[in-house]
Amino acid sequence: MKLNHYYHQYYGASSSTADYFIDGENNDSYNELVEFFKSIEDHLEDVDVVKVNSITPLGNNKAEVSYSVKYSFENDDQRKVQQFTYNGAQIEKEDGEYKVKSIGKIGSSPDWERRYDD
């Protein structure tokens, strides 16, 4: 899943992206993503959800999700690609659709990292 479209919407705090979150622009995870993308915008080249690792039902219309995201950065003459696994993300059904309640947490270092010289 390509997230460049969502990156631009997160950065711009677009209400259409906020609609994918429980409580919209008041959702802590939504605001965390906005701040995160603002902090890396100068070097971010690409963002992809590369794998949904697991989905665990939590009850009526709720689930916990683990997923992996690959980030590509461009800085001077070097390209860096990192993959992080987010655990404990939560989704809930609201108004007939599943929405993000929490994006989950990552560890302090990437699952893997690769650097490429241009």
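User: Is Glu 94 buried or partly exposed in this predicted model?
Analyst: The model is predicted. Glu 94 has a relative accessibility of 25%. Buried requires under 20% and exposed over 50%, so Glu 94 counts as partly exposed.

User: Which residue forms a salt bridge with Glu 94, and is that residue buried or exposed?
Analyst: The closest N and O atoms of this salt bridge are 3.2 Å apart, inside the 4 Å cut-off. The partner has a relative accessible area of 11%, and the limit for buried is under 20%. The residue is therefore buried, and its name is Lys 99.

User: How far apart are the closest N and O atoms of Lys 101 and Glu 92?
Analyst: Lys 101 is partly exposed at 38% relative accessibility, whereas Glu 92 is buried at 15%. The two residues form a salt bridge, for which the cut-off is 4 Å. Their closest N and O atoms are apart by 3.1 Å.

User: Which helix holds both Glu 35 and Lys 38?
Analyst: Glu 35 and Lys 38 form a salt bridge, with 3.8 Å between the closest N and O atoms. Glu 35 is partly exposed at 48% relative accessibility, and Lys 38 is partly exposed at 38%. The two lie three residues apart, about one turn of the helix, within residues 28-40, which form helix α3.

User: How many salt bridges does a search of the whole structure find?
Analyst: Among them are Lys 99 with Glu 94, Lys 101 with Glu 92 and Glu 35 with Lys 38. For the whole structure, the number of salt bridges found is six.

Key:
Residues numbered from 1 in each chain as written. Predicted model: local features only at pLDDT ≥ 70, side-chain atom pairs only at ≥ 80, totals over all residues. Heavy atoms only, no water. Salt bridge = Lys/Arg side-chain N within 4 Å of Asp/Glu carboxyl O. Helix = DSSP H or I, 4+ residues; strand = E, 2+ residues; numbered from the N terminus. Buried < 20%, exposed > 50% of the residue type's maximum accessible area, 1.4 Å probe, protein only.
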